[in-house]
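I opened the file to look up two things, the surroundings of the ligand and the salt bridges, and noted what I found as I went.

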Amino acid sequence: MTTMTDTPGGPSLPQERRLVTEVPGPKSQELMGRKRSTVADGVGTVMPVFARRAGGGVLEDVDGNSFIDFGSGIAVTSVGNSAEAVVRRATAQLESFTHTCAMVTPYEPYVEVCEELARLTPGDHAKKSALFNSGAEAVENAVKIARVHTKRQAVVVFDHGYHGRTNLTMALTSKDMPYKHGFGPFAPEIYRVPVAYPFRWLTGPENCAEEAAAQAIDQITKQVGVDNVAAVVIEPVLGEGGFIEPAKGFLPRIAEFARENGIVFVADEIQSGFCRTGQWFACEDEGIVPDLITTAKGIAGGLPLAAVTGRAEIMDAVHAGGLGGTYGGNPVACAAALGSIETMREQDLAGRARRIEEVMKPRLQKMAEQYPVIGEVRGRGAMLAIELVKPGTKDPHPEATAALAKACHQEGLLVLTTGTYGNVMRFLPPLVIGENLLEEGLDVLEGALSRL
Ligand SMILES: *Cc1c(COP(=O)(O)O)cnc(C)c1O
């Protein structure tokens, strides 16, 4: 069945998978030639086609091929590309004014976004926010805030964590290639401790939460010293590390330890937040109320916006002028965020994320039974993944993962890979995707698996 969406990419963008050339087609190949001669090689490409229009659950390329979108531009266009409310509000803002600098002359949309963040994030304490341009910038600022508030310096992060590509956030990120390789020296006073990764926990998944928490706490206590620690920063579902859901009980234990020791608990929900995992925020699943929460990606339907939201007394520790940036909380991006939040609320996109899990997870689990290259199916809501292994072992199989992704791309399914070992295929469809497209995308994946 082909359905039309009412705005994205214009009313004429059919919600269908359609291949009219080889992938990449001739126009994409020509553009790729131009890209190669003028864009730095360090800016990589996952799928070598150039986008022309996108919306709902599809992305159309310049050759007229239409791909089912299981990536959402890395968990960004959760409301779909060019979502109606995002376009409407951002367009109105564009026509009023584009920039004053929030630190020079404030404007209402900035305040409205902060009011929404106070309402939507976990906990009913007094909250305040500051807005930035990128996720990395939000994480850096969370660290700045935590350091001023605690008058301590050390920051604790976790194995497989990812927090960005700026100098401080590279230090917080665990994976060398490609994020850190050759880019040092890195910022000091960063300490990495174990995370409860059930699939790869040496003694098995049963005691993973307890053992990992005990090890992490022991290292923090004995090696770093609790009185030196300003913040622990953790993703409630680890994204670039491989869609790792820390074993149940791990996060609450770390949060409790932080609370007992005056350490600021920072939840990095940049990838897992904004309805992606079936709640507004993933940490709600274990009743965690972070002191600070960082958001970006899904917040503004594709426009660059990020935030730190947290306890008012922590946020207000910083002196006036200590937080900001020329573009942080740009009015067009704020308007887009308000459109995005409106869409999530009115269309119950958290519910849609749970429905996506209901459709996808059983089918992925069936594939795992049939194809031993799938070591584990995991994730929740519309943040799902399969971890690929050499059959009969737990040895990571990045080659099979890359081959599977390529095969999907050539069949009209946009998928992304991830993981410390490069062996995780992740699924991040827009939350507004039609169920027919979800099923068809899974058919493509299954076909590609059978030919692997
Ligand atoms: C993407 C991401 C970041 C960095 O966000 P940018 O906007 O790319 O700077 C930080 N933390 C997590 C968990 C992310 O997924």
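Before reading any exposure value, I fixed the classes: buried means under 20% relative accessible area, exposed means over 50%, and partly exposed is what lies in between, with a 1.4 Å probe and protein chains only. I also kept in mind that this is a predicted model, in which local features need pLDDT of at least 70 and side-chain atom pairs count only at pLDDT 80 or more, while totals for chains, interfaces and linings use all residues. Residues are numbered from 1 along each chain as its sequence is written, and side-chain values use heavy atoms, with hydrogens and water left out.

**Entry: the ligand**

I listed the residues around the ligand, taking a residue as near if one of its heavy atoms lies within 4 Å, and found Ser 134, Gly 135, Ala 136, Tyr 162, His 163, Glu 235, Asp 268, Ile 270, Gln 271 and Lys 297. Sorted by class, this shell has three nonpolar, four polar and three charged residues, where Ala, Val, Leu, Ile, Met, Phe, Trp, Tyr, Cys and Pro count as nonpolar, Asp, Glu, Lys and Arg as charged, and the others, Gly among them, as polar.

I then looked up contacts between polar atoms. A polar side-chain atom of Lys 297 is 2.7 Å from a ligand oxygen, a polar backbone atom of Ala 136 is 2.8 Å from a ligand oxygen, and a side-chain N or O atom of Gln 271 is 2.9 Å from a ligand oxygen. The ligand taken alone exposes 380 Å², of which the protein buries 83%, the areas coming from the Shrake-Rupley method with a 1.4 Å probe.

**Entry: salt bridges**

I searched the whole structure for salt bridges (a side-chain nitrogen of Lys or Arg within 4 Å of a carboxyl oxygen of Asp or Glu) and the search gave 25.

Which residue forms a salt bridge with Glu 245? I found Arg 380, with the closest N and O atoms 2.8 Å apart. Arg 380 lies in strand β13 and Glu 245 in the loop between β9 and α8, so the pair ties together parts that are 135 residues apart in sequence. Arg 380 is buried, at 18% relative accessible area.

Arg 380 also meets Asp 285 in a salt bridge, at 2.6 Å from N to O. I noted Asp 285 as partly exposed, at 30% relative accessibility.

Next I checked Lys 128 and Asp 316, whose side chains meet in a salt bridge of 3.0 Å, N to O. Lys 128 is partly exposed at 41%, and Asp 316 is partly exposed at 45%.

Methods. Polar contact = N/O pair within 3.5 Å; in protein donor to acceptor, adjacent residues only side chain to side chain. Helix = DSSP H or I, 4+ residues; strand = E, 2+ residues; numbered from the N terminus.
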